[in-house]
Amino acid sequence: MVLARHVVADRGYFAFSIIAAIEAAGAVAHVPSQRNVRMPRSVDRRIYRHRNKVERFFNKLKHFRRIATRYDKLARNYLAAVALASIRLWLKYYESIT
């Protein structure tokens, strides 16, 4: 069962073993090669550009003190706090575009 068709990561995850594991699972790895590699990998820039949006979202999520400090002891409470913070961020974004 393939969970994702595309896996996007930054240069830190460029290792042949990681890329082989991703491709063995049936997904396409969009991981740019390190600068010191002789034959650089080609990466679909359109898909790789979306990685920045995800990273910016997690950065905004960490601005909530309860999430950044992992205040909750139970995983379900922590997940609920993440869900509420995500909804709050989405509503803030949605209000600004309407």
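In this predicted model, Arg66 forms a salt bridge with Asp72, and the closest N and O atoms of the two are 2.7 Å apart. The partners differ in how far they are covered: Arg66 is partly exposed, with a relative accessible area of 44%, whereas Asp72 is buried, with a relative accessible area of 13%. Apart from this pair, Asp10, Arg51 and Glu55 are joined into one network by salt bridges that share partners.

A search of the whole structure finds three salt bridges, and they are set out below.

| Residues | N to O distance |
|---|---|
| Arg66 and Asp72 | 2.7 Å |
| Arg51 and Glu55 | 2.8 Å |
| Arg51 and Asp10 | 3.9 Å |

Which parts of the chain does the network bring together? The side chains of Arg51 and Asp10 meet in a salt bridge, with 3.9 Å from N to O. Because Arg51 lies in helix 3 while Asp10 lies in the loop between strand 1 (6-8) and helix 1 (16-24), this pair ties together parts that are 41 residues apart in sequence. Asp10 itself is partly exposed, at a relative accessible area of 27%. The side chain of Arg51 also meets that of Glu55 in a salt bridge of 2.8 Å, again taken from N to O. Here both residues belong to helix 3, where they are four residues apart, so about one helical turn separates them. Glu55 counts as partly exposed, because its relative accessibility is 42%, a value that falls between the 20% and 50% cut-offs.

Helix 3 also has a part in the largest pocket, which has a volume of about 300 Å³. Which residues line this pocket? Its lining is made by Lys53, Arg56, Phe57, Lys60, Leu89, Trp90, Lys92 and Tyr93. Helix 3 (50-61) and helix 5 each supply at least two residues of that lining. In character, the lining residues divide into four nonpolar and four charged, with no polar residue among them.

Trp90 and Tyr93, which take part in the lining of the largest pocket, also belong to a nonpolar surface patch. This patch, of about 780 Å², is made by Leu84, Ile87, Trp90, Leu91, Tyr93, Tyr94 and Ile97. One of its members, Leu91, is found in helix 5 (residues 75-97). Leu91 counts as partly exposed, because its relative accessibility is 39%.

Two loop residues deserve a separate look. Lys62 lies in the loop between helix 3 and helix 4 (65-68), and at 56% relative accessibility Lys62 counts as exposed. Although Lys62 and Val82 are 20 residues apart in sequence, they are 9.5 Å apart in space, from C-alpha to C-alpha.

The other residue, Arg70, is found in the loop between helix 4 and helix 5. Arg70 is exposed, with a relative accessible area of 58%. What is the sign of phi at Arg70, positive or negative? Arg70 has a positive phi of about 50°, although it is not a glycine. As a general background, most residues other than glycine have a negative phi.

Conventions: Residues numbered from 1 in each chain as written. Predicted model: local features only at pLDDT ≥ 70, side-chain atom pairs only at ≥ 80, totals over all residues. Heavy atoms only, no water. Patch = residues over 30% accessible without salt bridge, like charges linked within 9 Å, V, L, I, M, F, W, Y side chains within 5 Å. Areas by Shrake-Rupley, 256 points an atom, 1.4 Å probe, with all protein chains shown as cover. Salt bridge = Lys/Arg side-chain N within 4 Å of Asp/Glu carboxyl O. Buried < 20%, exposed > 50% of the residue type's maximum accessible area, 1.4 Å probe, protein only. 1 Å grid on protein atoms, 1.4 Å probe; cavity = no way out; pocket = protein on both sides within 12 Å on 5 of 7 lines; lining within 4 Å. Points joined across faces, edges and corners; volume = space filled by probe spheres on them. Nonpolar A, V, L, I, M, F, W, Y, C, P; charged D, E, K, R; others polar.
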